[in-house]
Each structure stands twice: as structure tokens, then as C-alpha cells.
Amino acid sequence: MSQTLTVEVDEVRRKFRQARQAYKDVLPKVDPALIDDFLERIDATGKEALFYTIEVFTKEGTNSEAARQYIMEKTGMVPAIFDKGTHYVTNQKLTLEILKEISDSPDVVEVRGSFCDGVGMRGAYFERRW
């Protein structure tokens with residue numbers, strides 16, 4: 001393999017590690033696969049917001065009624081609530097700013113999700129990672 005090719009490939013690896021570190025620094029509770037998928041789709045469409053099914057896992061003892069109200073006020077959507085009030089699922093428009101706000105919440109443990117393009121919510125899909 002040529003020296004130039006090695007340098008170029010190493011640059012891709014370095015930038016990938018930098019991006020993953022930025023994910024951890026800015027959105028530490030968000031699944032990197034969700035961030036990758038979201039960034040790929042907004043780059044491809046030129047849109048700033050897309051519909052995703054978002055699953056938010058919270059700490060034990062989180063006030064599920066207060067969380068439900070907060071989610072409804074922020075998204076206009078009623079969340080499905082699972083796992084004794086520690087797993088909230090919504091189908092909502094997503095932006096990086098919304099992901100940041102969710103990730104910054106002290107009650108949130110993890111955020112996962114998948115693109116749904118505004119098609120109805122399929123319910124809970126992910127399980128909390130321990």
C-alpha cells in the first residue's frame with residue numbers, strides 16, 4: 001500500500017474518532033447509531049428536522065406524570081410509557097437541539113431511536129443497555 005493511501009486512510013480514522021468524541025462530549029446519553037443515522041439523513045435531505053421514533057430511558061423514581069406532561073408540551077405527542085415509568089416512546093420531529101436537550105436532562109440515562117418518516121409509532125423497540 002502506498003504511503004499516500006495510508007495517510008489518507010489514517011485521516012479518515014482520525015476524523016471518525018474525533019466525531020465520536022464530539023458525540024460523547026455533546027450528546028453523551030444518545031446512542032451514536034442514532035446520531036449517525038440522523039446526520040446522514042439531514043445531510044441527504046437538506047432538512048433540519050425529521051420524524052423519528054425516540055426512546056428515552058430514565059432513572060428509577062422519575063415522576064412519570066411530570067415527564068409525560070413535559071414530553072407532551074415539548075413535542076405535542078403523547079408518549080407511550082413502559083418499564084414502570086422509566087421508558088418513554090414518542091414519534092416526533094427531531095433536531096440536534098432536541099437531542100441535546102434530552103441528553104442534558106438529569107433524569108435521562110439513555111436515548112435511542114429510529115427513523116420513522118412520520119409513519120405511526122410502532123411502540124417500544126429498544127431495551128435499556130446496562
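This report walks through a predicted model of one protein chain, from its overall layout down to a few single residues.

## The chain as a whole

Let's start with the parts list. The protein chain holds four helices and four strands, and reading along the sequence gives the pattern α-α-β-α-β-β-α-β. Its C-alpha trace spans about 60 × 30 × 20 Å along the principal axes.

How much of the chain is tucked away? Of its 130 residues, 32% are buried. The accessible surface adds up to about 8200 Å², with carbon and sulfur atoms supplying 54% of that. As for charge, there are 19 positive and 22 negative side chains, and the centres of these two sets sit 2 Å apart. Looking at contacts between residues at least 6 apart in sequence, 71% link residues that are at least 24 apart.

## The sheet

The four strands come together as an open sheet, ordered E2-E3-E1-E4, with antiparallel pairing. Its edges are strand E2 (80-82) and strand E4 (108-115), each of which pairs on one side only. On average, neighbouring strands in this sheet are turned by 25° against each other, ignoring direction. As a bit of background, strands of a sheet pair through backbone hydrogen bonds, in either a parallel or an antiparallel way.

Now for the pairings themselves. Strand E1 (residues 50-58) and strand E3 (residues 87-94) run antiparallel and are joined by eight bridges. You can pick out some partners here: Thr 53 has Asn 91 in E3 as its bridge partner, while Ile 54 stands opposite Thr 90 in E3. On to E2 and E3, which pair in the antiparallel sense over three bridges. One partnership to look for is Phe 82 with His 87 in E3.

## Helices against the sheet

Which strands does helix H3 lie across? Helix H3 (residues 64-75) lies across E2 and E3, and it runs at about 10° to E3. Helix H4 (residues 96-104) also packs on the sheet, where it touches E1, E3 and E4, and its direction makes about 155° with that of E3. Strand E3 itself is mostly covered, with seven of its eight residues buried.

Ser 103 is a handy residue to find in helix H4. Is Ser 103 buried or exposed? Ser 103 has a relative accessibility of 2%, so it counts as buried. Leaving aside residues up to four places away in sequence, Ser 103 touches Leu 27, Pro 28, Lys 29 and Val 30.

## The turn between E2 and E3

Strands E2 and E3 make a hairpin with four residues between them. Have a look at Asp 83, which lies in the loop between E2 and E3. Asp 83 isn't a glycine, yet its phi is positive, near 50°. Lys 84 is found in the loop between E2 and E3 too, and it has a positive phi of about 55° although it is not a glycine.

How exposed are these two loop residues? Asp 83 has a relative accessible area of 49%, so it is partly exposed. Lys 84 has a relative accessibility of 83% and therefore counts as exposed. The cut-off that separates the two labels is 50%: exposed means over that value.

Key:
Residues numbered from 1 in each chain as written. Predicted model: local features only at pLDDT ≥ 70, side-chain atom pairs only at ≥ 80, totals over all residues. Heavy atoms only, no water. Helix = DSSP H or I, 4+ residues; strand = E, 2+ residues; numbered from the N terminus. Buried < 20%, exposed > 50% of the residue type's maximum accessible area, 1.4 Å probe, protein only. Contact = heavy atoms within 4.5 Å. Areas by Shrake-Rupley, 256 points an atom, 1.4 Å probe, with all protein chains shown as cover. Lys, Arg positive; Asp, Glu negative; His and termini not counted. Charge placed at Lys NZ, Arg CZ, Asp CG, Glu CD. Pairing = 2+ DSSP bridges. Axes fitted to C-alpha atoms, helices over the stretch in contact; angles between N-to-C directions.
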